[in-house]
Amino acid sequence: MVSLKLAKRLAASVMKCGLRKVWLDPNETSEISMANSRQNVRKLVKDGFVIKKPTKIHSRARARRNAEAKAKGRHTGYGKRRGTAEARLPTKILWIRRMRVLRRLLKKYRDSKKIDKHLYHELYLKVKGNVYKNKRVLMEAVHKQKAEKQREKTIADQFEARRQKGKASRERKAGRRSERQAAGLHLDVTPVAVKAAAPAAVKAVAPTKAKK
């Protein structure tokens, strides 16, 4: 029996495959055994005496079909389960998923200017503290907080408007009062002098009447 070990190794190197993929023509063993260089092996490959075997097919059709069925909930009963519920889907994984969903929502709201950085920080800490169990609850909380802040702002604006209005009214009243006082002083200069001089005249007249 002629050894074809060298020819097989050279053929694997030339065709860039493994030894198990090399097929040597059993009818041409004598000629193949004479090939002791890569150039000779390339000639044998060209002539068809040495062939690279095709890749074996390992179909995943059945595996895909089974995975689709499992995705629908088939084949997942008590008899198919090997690990505990915690081992099959750890609570930490569920926590990580929830945190990422809620934090992603908060980041989106902050970037789109729907919430400011102060509200973002407050809600971020509440999310971390397990206050919101899902996205819907967090969205409702955001809307409620925004509505509350808007209501407080409206009340503060109304109070400030009333304060400014009262201040303006007081200033107008003070202005009118000062105007009236200034006008009154200007008109009452002569009557005040007359009233002051009248008692002195009475005093001077009274003794003369007594002498008569």
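This is a short tour of a predicted model, with suggestions for what to select at each stop.

**The whole chain**

Start with everything shown as a cartoon. You will find nine helices and two strands in the protein, and from one end of the sequence to the other they follow the pattern α-β-α-α-β-α-α-α-α-α-α. Now switch on the surface: about 17700 Å² is accessible, and carbon and sulfur atoms account for 56% of that. Of the 212 residues in the protein, 16% are buried. If you like contact maps, take those contacts that join residues at least 6 apart in sequence: 61% of them link residues at least 24 apart.

**Stop one: helix H1**

Select residues 5–15, which form helix H1. Which residues of H1 are buried? Colour Ala-7, Leu-10, Ala-11, Ala-12 and Met-15, and you have them. Next, show what these buried residues pack against: strand S1 (22–24), helix H2 (29–33), helix H3 and strand S2 (50–52). Before leaving, step just past the end of H1 to Lys-16, where phi is positive, at about 55°.

**Stop two: H1 against H3**

Keep H1 on screen and add residues 38–47, helix H3. The two axes come within 9 Å of each other and cross at roughly 75°, so H1 is roughly perpendicular to H3. To see the contact itself, show side chains on both helices. From H1, pick Ala-7, Leu-10, Ala-11, Ser-13, Val-14 and Met-15; from H3, pick Arg-38, Val-41, Arg-42 and Val-45, which they meet. Coloured by class, this contact shows seven nonpolar residues, one polar and two charged. Ala-7, Leu-10, Ala-11 and Met-15 may look familiar, as they are among the buried residues of H1.

**Stop three: H6 against H7**

Move along to residues 91–111 (helix H6) and 117–128 (helix H7). How are these two helices arranged, and how far apart are their axes? They pack at an angle of about 170°, with 10 Å between the axes; H6 and H7 are therefore roughly antiparallel. On the H6 side, select Trp-95, Met-99, Leu-102, Arg-103, Leu-106, Lys-107 and Arg-110; facing them in H7 are Tyr-120, Leu-123, Tyr-124, Val-127 and Lys-128. Eight residues of this contact are nonpolar and four are charged, with no polar ones.

**Stop four: Arg-98**

Stay in helix H6 and centre on Arg-98. Is this residue buried or partly exposed? Its relative accessibility is 23%, so Arg-98 counts as partly exposed. Leaving out neighbours within four places in sequence, its contacts are Asn-130, Tyr-132 and Lys-133. Zoom in on Tyr-132: its backbone oxygen is 3.1 Å from a polar atom of the Arg-98 side chain. You can also draw a C-alpha to C-alpha distance from Arg-98 to Val-127, which comes to 9.3 Å for two residues 29 apart in sequence.

**Last stop: Gln-145**

Finish by selecting residues 135–187, helix H8, and finding Gln-145 within it. Gln-145 has a relative accessible area of 18%, so it is buried. Setting aside residues up to four places away in sequence, Gln-145 touches Leu-119, Glu-122, Leu-123 and Lys-126. Which of these should you zoom in on for a polar contact between side chains? Choose Glu-122, whose side chain pairs with that of Gln-145 at 3.1 Å. Leu-123 is worth a second glance too, since you met it earlier in the contact of H6 with H7.

Definitions and conventions:
Residues are numbered from 1 along each chain as its sequence is written. This is a predicted model: local features need pLDDT of at least 70, side-chain atom pairs count only at pLDDT 80 or more; totals for chains, interfaces and linings use all residues. Side-chain values use heavy atoms; hydrogens and water are left out. Axes are lines fitted to C-alpha atoms, for helices over the stretch in contact, and angles run from 0 to 180 degrees between N-to-C directions. Helices (H or I, at least four residues) and strands (E, at least two) are DSSP runs, numbered from the N terminus. Angles under 35 degrees count as roughly parallel, over 145 as roughly antiparallel, 65 to 115 as roughly perpendicular and the rest as oblique. Contact means heavy atoms within 4.5 Å. Ala, Val, Leu, Ile, Met, Phe, Trp, Tyr, Cys and Pro count as nonpolar, Asp, Glu, Lys and Arg as charged, and the others, Gly among them, as polar. Buried means under 20% relative accessible area, exposed over 50%, partly exposed in between (1.4 Å probe, protein chains only). Accessible areas come from the Shrake-Rupley method with a 1.4 Å probe; for residues, only the protein chains shown count as cover. A polar contact is a pair of N or O atoms within 3.5 Å; within protein, one must be able to donate a hydrogen and the other to accept it, and residues adjacent in sequence count only if both atoms are side-chain atoms.
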